[in-house]
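Student: I would like to learn how to read a protein model, from its overall figures down to single residues. Could we work through one together?

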Amino acid sequence: MEPSAVSYVCRLSLASKTALRGPLVMAALAMLAVGCQSAPPSKSVVPATESLPASAPLVTTPRNWPDTTSHADPLSFVTRSFHLDLDVDFEKSQLRGTATLELDRVDPNSRELVLDTRDLQIDSVETAPAGSDDFRTTRFVLDRRDDVLGSALRIAMPRDAARVRIAYATTPQASGLQWLHPSQTVGKRSPFLFSQAQALHARSMAPLQDTPWIRATYTATLRVPAGLVAVMAAEGDAGNRRGQTTFHFRMPQPIPSYLLALAVGDLEFQAVGPRTGVWAEPSELAAAAWEFGDAEAMMTQTEALYGPYRWGRYDVLVLPPSFPYGGMENPRLTFMTPTVIAGDKSLVGVLAHELAHSWSGNLVTNATWRDGWLNEGFTTYFERRVMEAVYGEERARLEWGVGHQDLRLALAELKPDEAWQGSLAPDLSSHEGEEGSAVAYEKGALFLYQLERRFGRAQLDAFLQGWFDRHAFTSVTTPQFVAELQDGLMQQSPGKIDAAFLATWIDDPGLPADAEFVQSDTLARVDEQRMRWEQGALTTAALQTAGWTMHEWLHFLNRATRPQPVARLQELDRRFQLTGSRNAEIAHAWFRLALASGYPGLEPALESYLTGIGRMKLIGPLYEDLLKTPQGAAFARRVYAQARPGYHAIVQRRLDHLMQETS
Ligand SMILES: [Zn+2]
């Protein structure tokens, strides 16, 4: 995924304010030096472990390193595989059918299975012994709904039960599903459904142990209206084709629940390589296939760096513009925003990123969201390595440069009570740690770059290949990574880094004073021009921008001093048509600079931007900027009221919170 660019939401202000749960929670709260102290967390926390520094080398288990965002208990039962059998009902905006789970009983004394759900209607629950179809009704209780965690589904498990079959239906407000009217698609003819399970939304699609500590294989059957095509982030049955109404899938590799993904719509496929291809609405297919045409080359390069691709095919699904992220690394089938189809491959870094997740994230997975940098920081580092291998060193340096600036901006925008978010592995126990800020991505990548500088590329690559081999198809934690770093690289080459270095990079907020950055001559020249332009030594007409790609523009706009004189921005806009830019990233950077400078006349363009796309990273910061002035806030509220129905539930929730916070 990509950073949401909106900082973590305090879980307490979102959660239904549940009653105090006794002295343990109070003690825990006292220990949490975080900004949200108005009420206790809605889930009991384990104080002794929550306060462990992430840089301590430790053998971690779900007991001493718990996932505080799931009700599931991996120490009593673990799901090994599951089967979904679902009708896709566009009339009711509902999935309806059964989920059948095959379980291992980790603790022989366990008599209760706890699953995560959110807004699911549970009709019946049955259990059966292993290998038996003799399902018998069992008792179950659905706990009261928590706004972040959802409702725990507690199922009585007879002594011999190893299978559970749940008849259920989703509700139209399912946070992980977006049901689109034909008017919200490119073709305007057919409805569209897509899912987004990361981080805590698989539970709104099916009753599951929704924690990345647990991995399971699955099979699925989807029944869809005639004329539509169903796809999943899994192997499609050979019989799946347009004209069918029943589609079968299997995922033979065990995945964490947040990688469960499906989409249904007017979809067609075009191959771009032997193992790679693109799914899109028919009218977008050709442009998408061109934009992502280097997917096979990227795969080959990533394999050369980090070992074989272990998921079979790698395809890309292009979604309607309301998709809340740049991309989502669903295995075998990356879900992608159409806003990266720029016509010049300038934004295919997102493709390199999602592909790299096939190793960091999908193959070796963060066990809790606190360890998110193991997914996102690794992936951002790999993304740059892949971009370098495919497009050359200077392109990678440009991407690093833009990333460094994103990180500086993200750290600078943290309010004093949010400073804890500047840590690589922040304690999320009282926060909604859904997708994180640029910190997990860019600081995580920068941390790996420090290791590259100190140990050398060859040594780091060998270590990382070993990491993937040792932990393929398992879930990992930060203390575990630290322990292996100590036993591996640090023993092989003593004296290059020490425990203090690790604590500074992993636990402390902000950036260490001796952090090394990737330097780009191209961006340095952009800086030099910009400074002369800002000082008045260079006129707008004299700016030399021939050959600038999106990266130079982003660097120029993001680093420009704020506020800028309006007249100078008007010259810039007149010469380069920035208000009308068709590149979604450039438009975003321009709007931010213009808003910070009180630039007049932006409203029509801004309104069409904010109502036209739903990608959180692009629209979230613009709403935040607008809300800083009374006039901007009035505009933001009016546009939001209009745009909100077209946004994904995840985005609606974040922006609702933002609007409430600032009203
Ligand atoms: Zn990512």
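Tutor: What follows goes from confidence and overall form to sheets, a helix and one residue.

Student: What is the mean pLDDT of the protein, and where is the pLDDT below 50?

Tutor: Since this is a predicted model, confidence is a sensible place to begin. The mean pLDDT of the protein is 91, and 92% of its residues reach 70 or more. Over residues 9–49, however, the pLDDT is below 50, although this stretch still has 77 contacts in the model beyond near neighbours in sequence.

Student: How is the radius of gyration to be read for the 663 residues of this protein?

Tutor: The idea is to set the value against that of a compact globule, which for 663 residues would be near 26 Å; the protein has 24 Å, and therefore agrees with that expectation. Along the principal axes, the C-alpha atoms fill a box of roughly 80 × 60 × 50 Å. Of the 663 residues, 49% count as buried. Among the contacts with a separation of 6 or more, 73% are between residues 24 or more positions apart.

Student: How many helices and strands are there, and how do I read a sheet order such as 10-11-16-13?

Tutor: The protein contains 21 helices and 24 strands. In general, strands of a sheet pair through backbone hydrogen bonds, in either a parallel or an antiparallel way. The order 10-11-16-13 describes an open sheet of four strands with antiparallel pairing. Strand 10 (177–180) and strand 13 (229–232) stand at its edges with a single partner strand each, so one side of each has no neighbour in the sheet. Neighbouring strands here are turned by 10° against each other on average, direction ignored. At the level of one pair, strand 10 and strand 11 (residues 192–195) are joined in the antiparallel sense over four bridges, and L177 stands opposite S195 in strand 11.

Student: Which strands are at the edges of the sheet with the order 4-8-7?

Tutor: That is an open sheet of three strands, again with antiparallel pairing; its edge strands are strand 4 (112–117) and strand 7 (140–142), each of which pairs on one side only. The twist averages 20° from one strand to the next. Six bridges hold the antiparallel pairing of strand 4 with strand 8 (residues 151–156), where T117 is found opposite S151.

Student: Which strands are joined to strand 9 (residues 161–169), and by how many bridges?

Tutor: Strand 3 (residues 94–105) runs antiparallel to strand 9 and is joined to strand 9 by seven bridges, with G97 having Y168 as its bridge partner. Strand 5 (residues 121–129) is also antiparallel to strand 9, through eight bridges, and there Q121 stands opposite A169.

Student: What span does helix 10 (residues 457–471) have from its first C-alpha to its last?

Tutor: An α-helix has 3.6 residues a turn, so residues three or four places apart point the same way. Helix 10 has 15 residues and reaches 21 Å, close to the 21 Å expected at 1.5 Å a residue. After helix 10 comes F473, with a positive phi near 60°.

Student: Is H248 buried or partly exposed, and which residues is H248 in contact with?

Tutor: H248 lies in strand 15 (residues 246–256) and is partly exposed, because 18 other C-beta atoms are within 10 Å, whereas a buried residue needs 20 or more. Leaving aside neighbours within four places in sequence, H248 is in contact with T221, D237 and N240. T221 is 27 residues from H248 along the chain, yet their C-alpha atoms are separated by 4.6 Å.

Notes: Residues numbered from 1 in each chain as written. Predicted model: local features only at pLDDT ≥ 70, side-chain atom pairs only at ≥ 80, totals over all residues. Helix = DSSP H or I, 4+ residues; strand = E, 2+ residues; numbered from the N terminus. Rg over C-alpha atoms; globule rule 2.2 N^0.38 Å. Buried ≥ 20, exposed ≤ 12 C-beta atoms within 10 Å, placed from the backbone. Contact = placed C-beta atoms within 7 Å. Pairing = 2+ DSSP bridges. Expected span 1.5 Å × (residues − 1). Axes fitted to C-alpha atoms, helices over the stretch in contact; angles between N-to-C directions. pLDDT = per-residue confidence, 0-100.
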